[in-house]
Amino acid sequence: MKDNYKVGIIGATGMVGQRFITLLADHPWYTIEVLAASPRSAGKAYKDAVGAKWCMDVEIPENVKDMIVMNATADVEEIAEKVDFVFCAVDMKKDEIKALEERYAKAECPVVSNNSAHRHTPDVPMIIPEINPQHLEIIPAQRERLGTKRGFIAVKSNCSLQSYLPAMAVINQKYPIDHALVTTYQAISGAGKTFETWPEMVDNLIPYIGGEEMKSEVEPNKILGKIEGKEIVPSTELQIECQTYRVPVSNGHTAAIFFTFKDSENKPSVEEIEQMWRDYKGVPQELELPHAPKQFIYVYTEKDEPDQPQINTARTIDGGMAISCGRLRESTQYDYKMVSMSHNTLRGAAGGAVLLAELLTAKGYMD
């Protein structure tokens, strides 16, 4: 592992790209070397390219304000020569994203992607760093397919999964869950919006988010799957049904979960589950990665704090990288029901991708 790595942000003017900039501006391992975006932004100073679209709650960092934006699609080889790896968060058609990310990988530039395009590619790992870091071991097979020595693609999962799947996965390691019903209440920043740009969401709720229910029902299977040969084979053990809502919240996705164990006669107690959450440490915590939360899953008990977790307070725990769980109690139709939440643009998007990059770096995949 080197002392410092030069990184690029592909899709730097969008909301997730902006979040990447704020997270990487003073990162102990990484230096922002390249910002890239669409042709209409290319050639401009970043402050001019992003203009009034800057929507973070801090000012544009001084070290990138005057950085000239490169063309994300036309300057692939030049960008690849300048950096050790790139973060990708572009707004393009899915097939175009898949092709673009493979171009960077084949230019021997590793890609850490926030996009959904490659989440179902069998040899592309889709990682929640605390839950399935072993899936990084598929990268040599992917490199063989791509014909690369350094280049590869690794992706993070859908942002809403971070709000509930980690809590379920920790339980599932010891007590297998058979099926679950999940309802997610997703912030408007998940659509790249603010209340200023989407005033229709004020005092409103939309009971539909295109594609989100499928992602919540299918993506967990890959995360919980196993490497077999040269691909990750999704699990068929846990069945999830999901309903999604867009709600008038700026940041933070909340989930209501109802779940039943495969062996309901020998299910764990509420107290045992809560203790499993408190005690759990993943590889990021063991390695003390810069963006790893010290407490991965923060627990609120039904007895002491039945009105928690709440968005306004829970989303900022450990820099927005912790998962918060509460209201765990017995259900009349399932074994248990609970509530959990996470910050969707930190743990769920850019922060999760930065933590994934840190894991890749610590494991030697960026060298």
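A residue counts as exposed when its relative accessible area is over 50%, and as buried when that area is under 20%. The structure discussed here is a predicted model, and this report treats selected residues in it.

**Residues with positive phi**

Aspartate 203 has a relative accessibility of 76% and therefore counts as exposed. This residue belongs to the loop that runs between β7 (177-186) and α8 (212-223). Its phi is near 60°, a positive value in a residue other than glycine. Glutamate 288 also has a positive phi, near 55°, and is likewise not a glycine. Its position is in the loop between α10 (283-287) and β12, and its relative accessible area of 67% makes glutamate 288 exposed.

**A cis peptide bond**

The peptide bond between glutamine 308 and proline 309 is cis, with omega at about 5°. Proline 309 is situated in the loop that links β12 (297-299) to α11 (311-314).

**Two buried residues and their contacts**

Isoleucine 79 lies within helix α4, which covers residues 76-82. With a relative accessible area of 0%, isoleucine 79 is buried. When neighbours within four places in sequence are set aside, isoleucine 79 contacts Ile10, Val34, Ala36, Met70, Asn71, Val86 and Tyr104. The C-alpha atoms of isoleucine 79 and glycine 8 are 7.5 Å apart, although 71 residues separate the two in sequence.

Threonine 345 is a loop residue, placed between β14 (336-342) and α12 (346-362). Its relative accessibility is 5%, so threonine 345 counts as buried. Apart from neighbours within four places in sequence, the contacts of threonine 345 are Arg19, Ser189, Asn251, Ala350 and Gly351.

**Cysteines**

A disulfide is a covalent bond between the sulfur atoms of two cysteines. Here a pair is counted when the sulfur atoms are within 2.5 Å, and the count comes to 0 disulfides. Cysteine 88 takes part in no disulfide, and the nearest cysteine sulfur, that of cysteine 109, is 10 Å away. Why does cysteine 159 lack a bond to the closest cysteine sulfur, in cysteine 242? The two sulfur atoms are 12 Å apart, which is too far for a bond. Both cysteine 88 and cysteine 159 are buried, as the table shows.

| Cysteine | Relative accessible area | Closest cysteine sulfur | Distance |
|---|---|---|---|
| Cysteine 88 | 1% | Cysteine 109 | 10 Å |
| Cysteine 159 | 14% | Cysteine 242 | 12 Å |

Terms used. Residues are numbered from 1 along each chain as its sequence is written. This is a predicted model: local features need pLDDT of at least 70, side-chain atom pairs count only at pLDDT 80 or more; totals for chains, interfaces and linings use all residues. Side-chain values use heavy atoms; hydrogens and water are left out. Helices (H or I, at least four residues) and strands (E, at least two) are DSSP runs, numbered from the N terminus. Buried means under 20% relative accessible area, exposed over 50%, partly exposed in between (1.4 Å probe, protein chains only). Contact means heavy atoms within 4.5 Å.
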